[in-house]
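Please look at the chain shown below with its fold in mind, and follow its architecture from the overall dimensions down to single residues.

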Amino acid sequence: MLENSKAFSGFSVDNTEAARDFYAGILGLEVSEANGILTLHLPGGGSVIAYPKGQAHVPAAFTVLNFPVPEIEAAVDELAGAGVVFERYAGTQMETDAKGIFRRGGPLIAWFKDPAGNILSVVQD
């Protein structure tokens, strides 16, 4: 029934202006807006929406968007240079190094948050 549907995902933000500035200005994504809803145009042709919830917004407690990168060190350095702060999970199974990169098995990954507190990541491809 839905096999021909063009599915997409979405998550909420508390401030669409701040989200637009972050996703377009810091991450370099193409961002469009219609009816107060942002569409983030992802590399590779996909898209995801960011919809406003204002004061009712609760940040996702899980990773909502992953960005595969060929070299995680370079991506982390570039994003940190643009003001992105990487999450530190000291003392947990997901403990990261001083740069915020998880190196304890599985793909190399570093988590950070958007202005609304939603968790994103760069993951070495």
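The paragraphs below go from the whole chain to its two sheets, then to the nonpolar cores and one selected tyrosine.

This is a predicted model, in which local features need pLDDT of at least 70 and side-chain atom pairs count only at pLDDT 80 or more, while totals for chains, interfaces and linings use all residues. Residues are numbered from 1 along each chain as its sequence is written, and side-chain values use heavy atoms, with hydrogens and water left out.

The protein contains two helices and eight strands, where helices (H or I, at least four residues) and strands (E, at least two) are DSSP runs numbered from the N terminus. Read from the N terminus, the elements follow one another as β-α-β-β-β-β-α-β-β-β. The radius of gyration, taken over C-alpha atoms, is compared here with a globule rule of 2.2 Å times the number of residues to the power 0.38. For the protein it is 15 Å, close to the 14 Å that this rule gives for 125 residues, so the protein is as compact as a globular protein of that length. The C-alpha trace spans about 40 × 35 × 25 Å along its principal axes. With contact meaning heavy atoms within 4.5 Å, residues 24 or more positions apart account for 53% of the contacts with a separation of 6 or more. The protein exposes about 7400 Å², of which carbon and sulfur atoms supply 53%; accessible areas come from the Shrake-Rupley method with a 1.4 Å probe, and for residues only the protein chains shown count as cover.

One open sheet is formed by four strands in the order β1-β4-β3-β2, with mixed pairing; two strands are said to pair if DSSP finds at least two bridges between them. Its edge strands are β1 (9-13) and β2 (30-34), each of which pairs on one side only. Neighbouring strands of this sheet are turned by 25° against each other on average, direction ignored, where axes are lines fitted to C-alpha atoms, for helices over the stretch in contact, and angles run from 0 to 180 degrees between N-to-C directions. Within the sheet, β3 (residues 37-41) and β4 pair in the antiparallel sense over four bridges, and L40 stands opposite V48 in β4. Helix α1 (residues 16-26) packs on this sheet, touching β1, β2, β3 and β4, and its direction makes about 155° with that of β2.

The other open sheet to consider is formed by four strands in the order β5-β8-β7-β6, and its pairing is mixed. Its edge strands, β5 and β6 (101-102), each pair on one side only. The parallel pairing of β5 with β8 extends over six bridges; T63 stands opposite I119 in β8, and L65 stands opposite L120. On the antiparallel side, five bridges join β7 to β8, and W111 stands opposite S121 in β8. β7 and β8 form a hairpin with five residues between them, and G117 in the turn has a positive phi of about 90°. Helix α2 lies across β5, β6, β7 and β8, running at about 145° to β8.

How much of the protein is buried? Buried means under 20% relative accessible area, exposed over 50%, and partly exposed in between (1.4 Å probe, protein chains only), and 36% of the 125 residues count as buried. Five of the six residues of β8 are buried, so this strand is largely enclosed by the rest of the structure. A nonpolar core is a set of buried Ala, Val, Leu, Ile, Met, Phe, Trp, Tyr and Cys residues joined through side-chain atoms within 4.5 Å. The largest one has 28 residues, and those with the most contacts inside it are Y23, L27, L40, F112 and V122. Elements that give two or more residues to this core are β1, α1, β3, β4, β5 (63-69), α2 (72-81), β7 (109-113) and β8 (119-124), and α2 gives the most, with four residues. Leaving out residues up to four places away in sequence, L27 touches F22, F67, L79, F112 and L120.A second, separate core of five residues includes F102, I109, W111 and V123.

Y51, which lies in strand β4 (residues 47-52), offers a closer view of the first sheet described above. Y51 counts as partly exposed because its relative accessibility is 32%. Apart from neighbours within four places in sequence, Y51 is in contact with G10, F11, S12, V13 and I37. Y51 and T16 are 35 residues apart in sequence, yet 7.4 Å apart in space, C-alpha to C-alpha.
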